[in-house]
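Let's take a walk through this fold, beginning with one helix and then stepping back to the whole chain.

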Amino acid sequence: MNESGDPIVDTAEGTVARVVGAGTPQTAGSFRFWFGDQRWEWSDEVAAMHGYAPDTVTPTTELLLAHKHPEDREHVAEAIEKSVRNAEPFCSRHRIIDTAGSVHHVIVLGDTMTDKDGTVVGTAGYYIDLTATIAEERQDLLDDTLPKLVESRALIEQAKGVLMRIYRINAEQAFHVLQWRSQETNIKLRDLAAQIIAEMDQVPPAPPQVQTAFDHLLLTVHERVPKR
């Protein structure tokens, strides 16, 4: 607990911004959300994503929803309500519109936040802005993070595929997220990818309607392959 009595949550905004942001500080930042009074805290990086200078506005659920893209606002509101109702992390992929009217594609990764007695009191995690691509000057970092890239490619591609499906993001964005986690945890990306694949059986299976839809796709996809 800190001096104000709030639970202490480790953050790594600096590391996340350096790795994910390719030098752009507002590309990734942290947040905390208390279920009891629905109180939010966001880092300067998350404030910047929404178009605000540091310490110029207090985040609230209403403010956050106001910045969501109209097509995404309902599902984000439902995710927040579900997070409060079930005392579970707030996680989402959606678009936000900043004060200048620019659209940002973001992914929100969260985990539970507990008090000293182990009671879940909120959720904490990161906003990652997926709008920008990894800068070319980050190639040296990529090379250091991915030794033996050729040998590791299959595992990494599998892990990317998992993230692409779960978060509905593209291949570059999926690699972006994996690279961030690799750097933040100081674990080689190949090893991180291998562990993700090893633990996938712990994730609940897709509901029957999802499998049925994919069955149909698999059995009919040949009909839509362009003629060469």
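Why does the distance between the end C-alpha atoms of helix α7 agree with what its residues should span? At 1.5 Å a residue, the 15 residues of α7 (residues 171–185) should cover 21 Å, and the end C-alpha atoms do lie 21 Å apart. The expected span here is 1.5 Å times one less than the number of residues. Helices are DSSP runs of H or I with at least four residues, strands are E runs of at least two, and both are numbered from the N terminus.

A word on ground rules: this is a predicted model, with local features needing pLDDT of at least 70 and side-chain atom pairs pLDDT 80 or more, while totals for chains, interfaces and linings use all residues. Residues count from 1 along each chain as its sequence is written, and side-chain values use heavy atoms, leaving out hydrogens and water.

Back at α7, a side-chain oxygen of N170 comes within 3.2 Å of the backbone nitrogen of E172 at the helix start. Just past the other end, N186 has a positive phi of about 60°. Buried residues of α7 (under 20% relative accessible area, 1.4 Å probe, protein chains only) include F175, L178 and W180.

Zooming out, the protein chain has 9 helices and 5 strands, and 38% of its 228 residues are buried. I80 touches F33, W40, T61, L65 and F90 (heavy atoms within 4.5 Å), leaving aside residues up to four places away in sequence.

Technical notes. Buried means under 20% relative accessible area, exposed over 50%, partly exposed in between (1.4 Å probe, protein chains only). A polar contact is a pair of N or O atoms within 3.5 Å; within protein, one must be able to donate a hydrogen and the other to accept it, and residues adjacent in sequence count only if both atoms are side-chain atoms.
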